[in-house]
Amino acid sequence: MITVKTDAEIACMRESGKLTKNVLDLIGREIRIGMTTKELDKIAYDYIKSCGAYPSFLGYSGYPASICASIDDVVVHGIPSDDVVIKDGQLVSIDVGVVYNGWQGDAARTFMVGNVSQEKRKLVKVTEECFFKAIERLRDGTPLGDIGYQVQTHAENNGFSVVRALVGHGIGREMHEDPTVPNYGKKGTGIRLKKGMTIAIEPMINAGVYQVDFMSDGWTVRTRDRKPSAHYENTIAITENGVEILTL
Ligand code: MF3
Ligand code: CO
């Protein structure tokens with residue numbers, strides 16, 4: 001069931017969205033070569049708790065941390081660890097969810113650490129552009145399939161591929177609500193988005209093949225060819241004439 005939010009409810013999501021954005025900004029300022037992903041997790045946890053909010057990933061289906069920290073060929077759901085030290089030239093995707101007053105925010109950024117190769121730089125740029133292409137003409141009445149179409153077209157036009165096994169999602173009181181929001185698809189297909197719907201659009205774009213492998217820890221997702229991947233996500237609200245990005 002797709003939930004449509006009132007203006008008052010979207011105002012609440014604006015607050016959880018703002019906290020979510022703040023976590024990512026904070027991590028962007030703090031991330032350094034030589035740090036562990038566990039240290040980044042602690043920074044996120046401490047900030048979220050200091051705001052009177054809760055990190056929604058922590059305990060979700062047994063997930064053991066507040067953020068996902070996914071390096072290079074890890075697409076998503078990298079578990080923060082004392083053993084994972086950030087190195088020069090890596091792409092570090094940070095995904096975080098915050099619940100505040102009962103409302104969720106969910107967002108991700110891919111940080112480039114130190115001296116990053118041209119190919120990785122392009123991958124990060126194109127992944128961000130995929131999100132912005134997806135929302136460009138999005139408004140009340142737009143078919144859901146247009147999002148995936150825009151993301152896929154932009155990624156593939158740049159020689160990259162779109163992960164199929166993981167998708168974006170509706171969001172609200174729950175982190176994952178209907179509908180699912182694939183990053184691939186056909187223009188003009190699917191349900192029509194309505195004013196007051198809130199969704200997380202999250203392109204996961206691979207430098208090589210689109211296929212991924214699920215690791216035996218139950219979480220970590222890697223590209224099958226072990227080439228790099230980037231992730232960019234925002235929670236948005238559909239408005240009459242466009243969208244409002246709640247986590248930017
Ligand atoms: N942010 C992810 C998503 O968009 C959720 C991470 S899974 C978790 O679906 F277990 F870490 F929460
Ligand atoms: Co999400």
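Of the 13 residues around ligand 1 (near meaning that a heavy atom lies within 4 Å), those that come nearest are Asp95, Asp106, His169, His176 and Glu202. This is a predicted model, in which local features need pLDDT of at least 70 and side-chain atom pairs count only at pLDDT 80 or more, while totals for chains, interfaces and linings use all residues. Residues are numbered from 1 along each chain as its sequence is written, ligands are numbered from 1 in the order in which they are written, and side-chain values use heavy atoms, with hydrogens and water left out.

Polar contacts, meaning pairs of N or O atoms within 3.5 Å, link oxygen atoms of ligand 1 to the side chains below.

| Side chain | Distance from a ligand 1 oxygen atom to an N or O atom |
|---|---|
| Asp106 | 2.9 Å |
| His176 | 2.6 Å |
| Glu233 | 3.4 Å |

The protein covers 95% of the 330 Å² of accessible area (Shrake-Rupley method, 1.4 Å probe) that ligand 1 has on its own.

Ligand 1 sits in the largest pocket, where sitting requires more than half of its atoms to lie within 2 Å of the grid points. A pocket is an open set of points on a 1 Å grid over the protein atoms alone, where a 1.4 Å probe fits, with protein on both sides within 12 Å along at least five of seven lines, and lining residues have an atom within 4 Å of a point. The volume of the largest pocket, as the space filled by probe spheres set on the points, is about 320 Å³. Its lining has 19 residues, with His77, His169, Met175, His176 and Glu202 the closest to its centre.

Notes. A polar contact is a pair of N or O atoms within 3.5 Å; within protein, one must be able to donate a hydrogen and the other to accept it, and residues adjacent in sequence count only if both atoms are side-chain atoms.
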